[in-house]
Amino acid sequence: MKVFVDATKCSGYGACAELAPNLFELDEWGYAAVIGDGVPSDEAAARRAAAACPELAITIEE
Ligand code: SF4
């Protein structure tokens, strides 16, 4: 599994970083980026984060 954030869709709500803090980091404006190579250590948390993103900015490649 690999996780991607579409920076053009992210609106900086921060839900992803709250639900999966090991996988997403927020910049100073609250916009998200994937930490490291995007391979999650906790796949369930990654799925919860993707489902919670109000902008559908998170995609998961199985
Ligand atoms: S939940 Fe979605 S919109 Fe919010 S910071 Fe994360 S990627 Fe961006």
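At the start of helix α2 in this predicted model, a side-chain oxygen of Asp42 comes to within 3.2 Å of the backbone nitrogen of Ala44. The Asp42 side chain also reaches the backbone nitrogen of Ala45, at 3.0 Å. Asp42 itself sits in the loop between β3 (32-34) and α2. Its relative accessibility is 38%. Buried residues lie under 20% and exposed ones over 50%, so Asp42 counts as partly exposed. Asn22 is 20 residues away from Asp42 in sequence. In space, the C-alpha atoms of Asp42 and Asn22 are 8.5 Å apart.

Helix α2 covers residues 43-52. Its buried residues are Ala45, Ala46, Ala49 and Ala50. Viewed down the axis of α2, these buried residues fall within an arc of 135 degrees, so they line one face of the helix. The spacing of residues in a helix helps to explain such a pattern. An α-helix has 3.6 residues a turn, so residues three or four places apart point the same way. The buried residues of α2 pack against four elements. Three of these are strands: β1 (2-5), β2 (24-26) and β4 (58-61). The other is helix α1 (15-19). Ala45 thus appears twice in this account: its backbone nitrogen is reached by the side chain of Asp42, and Ala45 is one of the buried residues of α2.

Strand β1 contains Val5. The relative accessible area of Val5 is 22%. The limit for a buried residue is under 20%, so Val5 is classed as partly exposed. Leaving aside residues up to four places away in sequence, Val5 touches Cys10, Phe24, Ala32, Val34, Ala57 and Ile58. Glu28 is 23 residues from Val5 along the chain. The C-alpha atoms of Val5 and Glu28 are separated by 16 Å.

The interior was also searched for empty space. Rolling a probe the size of a water molecule over the atoms shows where empty space is left. Across the whole structure, one cavity of 30 Å³ or more was found. The largest cavity has a volume of about 110 Å³. Its lining is made up of 13 residues. Nearest the centre of the cavity lie Cys10, Tyr13, Gly14, Cys16 and Cys53. Ten of the lining residues are nonpolar and three are polar. No charged residue lines the cavity. Cys10 links two parts of this description: Cys10 is touched by Val5, and Cys10 is among the residues nearest the cavity centre.

Conventions:
Residues numbered from 1 in each chain as written. Predicted model: local features only at pLDDT ≥ 70, side-chain atom pairs only at ≥ 80, totals over all residues. Heavy atoms only, no water. Buried < 20%, exposed > 50% of the residue type's maximum accessible area, 1.4 Å probe, protein only. Helix = DSSP H or I, 4+ residues; strand = E, 2+ residues; numbered from the N terminus. Arc of directions from axis to C-beta. Contact = heavy atoms within 4.5 Å. Polar contact = N/O pair within 3.5 Å; in protein donor to acceptor, adjacent residues only side chain to side chain. 1 Å grid on protein atoms, 1.4 Å probe; cavity = no way out; pocket = protein on both sides within 12 Å on 5 of 7 lines; lining within 4 Å. Points joined across faces, edges and corners; volume = space filled by probe spheres on them. Nonpolar A, V, L, I, M, F, W, Y, C, P; charged D, E, K, R; others polar.
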